[in-house]
2 protein chains.
Amino acid sequence: MDDTQDTWLPQPDIDSVDITTVLQALADPTRLQIVRALAAVEESTCTALDVPVKPSTVSHHMGILREAGIVSTRLAGNARPSRLRREDLERRFPGLLTAILNATPPTR
Amino acid sequence: MDDTQDTWLPQPDIDSVDITTVLQALADPTRLQIVRALAAVEESTCTALDVPVKPSTVSHHMGILREAGIVSTRLAGNARPSRLRREDLERRFPGLLTAILNATPPTR
DNA sequence: ACGCTACTACGATGAATATCGAAATATTCG
DNA sequence: CGAATATTTCGATATTCATCGTAGTAGCGT
């Protein structure tokens, strides 16, 4: 069969995404951890991510990130690897994702 | 009397601020509106801001922004004009505030 | 002193949400 | 086919939080 075409879960057009929605999605510690992990590997499934919450919660967070236009999710067998929409986000909100990923831990 | 010294409300050291706290503070529509308004005028009191919530709510939001390291609040008579901590934020999270302030409305 | 203004603090309330477990779906593997 | 895997969906719960009204504090003007 022709398997060169990937199927993707529905995701918003990047131009229709509001900055408030993006900030709300990124303003959660667990989701920020997911985003950082995805930034390091470029693609990962829910179960491969090392986050301290249950699988159903990871799936929930991934859905929030997807609907906010932050990640794309591909259908690959029974898995759904997601990746950051880096170029889309850079075009829509230049410098935003970079600034967040470059953020250093606070001094305690 | 020597009135060259301003008095300020307590605010966190910018280096001790966490990115999650900043994102949470900015992820609210009303607070984002306040931040945008402050970016336009450089200094403003709570009552001078044109936001669609009651004064006690504006004060609440300003406190959140202050504790997140986003605004500084000066004591001036009975008023408390606040301003964006632009340079502090730029040093702590380079490009973040600029990216958010430059965000354009979504296409609907 | 008295009223007016600006803001803060407190308590209450209703809505949003992060988390979990269980059930359902779909796919791969034996 | 049957079992295991990956993920989603649903329901429940507990917490967080945005908003408001009222009351309190403090400075300014008359």
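Me: What makes the pair formed by a side-chain N or O atom of A:Arg66 and a phosphate oxygen of DNA strand D a polar contact?

Reply: The distance between these two atoms is 3.3 Å. A polar contact is a pair of N or O atoms within 3.5 Å (within protein, one must be able to donate a hydrogen and the other to accept it, and residues adjacent in sequence count only if both atoms are side-chain atoms). The A:Arg66 pair, at 3.3 Å, therefore fits that limit. The side chain of A:Ser59 also has an N or O atom 2.3 Å from a phosphate oxygen of strand D, while A:Arg80 uses a backbone N or O atom, at 3.2 Å. Helix 3 (55-67) of chain A, together with helix 2 and helix 3 of chain B, are the elements that give two or more residues to the surface near this strand.

A word on the background: this is a predicted model, in which local features need pLDDT of at least 70 and side-chain atom pairs count only at pLDDT 80 or more, while totals for chains, interfaces and linings use all residues. Residues are numbered from 1 along each chain as its sequence is written, chains are lettered from A and ligands numbered from 1 in the order in which they are written, and side-chain values use heavy atoms, with hydrogens and water left out.

Me: Which residues are closest to DNA strand D, and what makes a residue "near" a strand?

Reply: A residue is near if one of its heavy atoms lies within 4 Å of the strand. There are 21 residues around DNA strand D, the closest being A:Thr45, A:Thr47, A:Ser59, B:Lys54 and B:His61. Of the strand's atoms that come within 4 Å of the protein, 76% belong to sugar and phosphate. Helix 3 of chain B gives the most to this surface, four residues.

Me: Why is A:Arg74 called buried?

Reply: Buried means under 20% relative accessible area, exposed over 50%, and partly exposed in between (1.4 Å probe, protein chains only). A:Arg74 has 15%, so it is buried. Its place is in strand 2 of chain A, where four of the five residues are buried. The side chain of A:Arg74 also makes a polar contact of 3.0 Å with that of A:Glu43. Contact means heavy atoms within 4.5 Å, and beyond four places in sequence the contacts of A:Arg74 include A:Asp6, A:Ala79 and A:Pro81.

Me: And why is B:Ala48 called exposed?

Reply: Its relative accessible area is 55%, so B:Ala48 is exposed. This residue sits in the loop between helix 2 and helix 3 of chain B.

Me: How do you know that strand 1 and strand 2 of chain A pair?

Reply: Strands (E, at least two residues) and helices (H or I, at least four) are DSSP runs, numbered from the N terminus. Two strands pair if DSSP finds at least two bridges between them. Strand 1 and strand 2 (residues 71-75) of chain A are joined by two bridges and run antiparallel. Opposite A:Arg74 stands A:Trp8, and opposite A:Leu75 stands A:Thr7. Three bridges link strand 2 to strand 3 of chain A, again antiparallel.

Me: What makes strand 1 and strand 3 of chain A edge strands?

Reply: The open sheet of chain A has the order 1-2-3. Strand 1 (7-8) and strand 3 (82-84) each have a single partner strand, so one side of each is left without a neighbour in the sheet.

Me: What makes helix 1 of chain B "mostly covered"?

Reply: Six of the eight residues in this helix (19-26) are buried, among them B:Ile19, B:Val22 and B:Leu26. At its N-terminal end, B:Asp18 acts as a cap, with a side-chain oxygen 2.9 Å from the backbone nitrogen of B:Thr20.

Me: How do you know that the two copies are related as by a two-fold rotation axis?

Reply: Copies are superposed by least squares on the C-alpha atoms of residues with pLDDT of at least 70 in both. A turn of 180° with a shift of 0.0 Å along the axis lays chain A on chain B with an RMSD of 0.0 Å. The copies are therefore related as by a two-fold rotation axis. Also, 100% of the interface residues of chain A are interface residues in chain B too, so the copies meet through the same surface.
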